[in-house]
Amino acid sequence: MRGLTHRAVDEAAGLPQGSTSNLARTRQALLELAVRRHADREARLLALHEMPDPLGGLGSLVDGLALAVHRTLTRNPELLIARYELALEATRRPELRAFYDAIGARYRDQLTALVTALGSTDPARHALSLIAWSDGLMFSCAAGSFSAEVPSLAQVRAGLRELLGGMLGDGPHAP
């Protein structure tokens, strides 16, 4: 995070010196731009618009989530490292924490809606468990002790099927 400066952004973007500070006057504004840009890049990678219709049932949700997690692990692992850097910075800056959490709410809200539509008896808790499982897997594979071992799409799918089957197995849309 120390390397994220107005000057470094100008240089990386090939802009004249001072360009970034005209757009983001403060360190907080620069960090907010970084969080927003990161979220936009990650949304394209996750392809949130491709998330399944809940009417497709549990299998459809498993397939959509597995594809999103696997894409994140394989197509641009540097985005994950950037996310962790920004998340850690947000723990040190309360004003960034609020902004970071608001940006992240779009993912949480979408997952909560999906598990609700599939008959979750506790959508907020189930969404948290899904996010924690996914984030834990991605952290382990990007920066943790499994960084040399990226699971296959089939392995990610199997893990999600086990997790979601346990949460929603007897719901109205179970496979």
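Leaving aside its neighbours within four places in sequence, which residues is L130 in contact with? In this predicted model, the list runs L65, L111, V115, L160, L163, L164 and M167.

L130 also turns up when we look at the core. The largest nonpolar core holds 22 residues, and L130 is among those with the most contacts inside it, along with L61, L65, L160, L164 and L168. Five elements each give two or more residues to this core: helix 4, helix 5, helix 6, helix 7 and helix 8. Helix 4 chips in the largest share, at 7 residues. Lying apart from this core is another one, with 13 residues, including L46, L86, L96 and I103.

Now for how two of those helices meet. Helix 5 spans residues 77–92 and helix 7 spans residues 123–142. They pack at an angle of about 110 degrees, and their axes sit 10 Å apart. Angles of 65 to 115 degrees count as roughly perpendicular, so that is what helix 5 is to helix 7. As for handedness, the two cross in a left-handed way.

Here's who makes the contact, helix by helix:

| Helix | Residues in the contact |
|---|---|
| Helix 5 | L80, I81, R83 and Y84 |
| Helix 7 | D135, M138, F139 and A142 |

Sorted by class, this contact between helix 5 and helix 7 comes out as 6 nonpolar and 2 charged residues, with no polar ones. The charged pair is R83 of helix 5 and D135 of helix 7.

Technical notes. Residues are numbered from 1 along each chain as its sequence is written. This is a predicted model: local features need pLDDT of at least 70, side-chain atom pairs count only at pLDDT 80 or more; totals for chains, interfaces and linings use all residues. Side-chain values use heavy atoms; hydrogens and water are left out. Axes are lines fitted to C-alpha atoms, for helices over the stretch in contact, and angles run from 0 to 180 degrees between N-to-C directions. Helices (H or I, at least four residues) and strands (E, at least two) are DSSP runs, numbered from the N terminus. Angles under 35 degrees count as roughly parallel, over 145 as roughly antiparallel, 65 to 115 as roughly perpendicular and the rest as oblique. A crossing is left-handed if the near helix is turned anticlockwise from the far one by less than a right angle, and right-handed if clockwise. Contact means heavy atoms within 4.5 Å. A nonpolar core is a set of buried Ala, Val, Leu, Ile, Met, Phe, Trp, Tyr and Cys residues joined through side-chain atoms within 4.5 Å. Buried means under 20% relative accessible area, exposed over 50%, partly exposed in between (1.4 Å probe, protein chains only).
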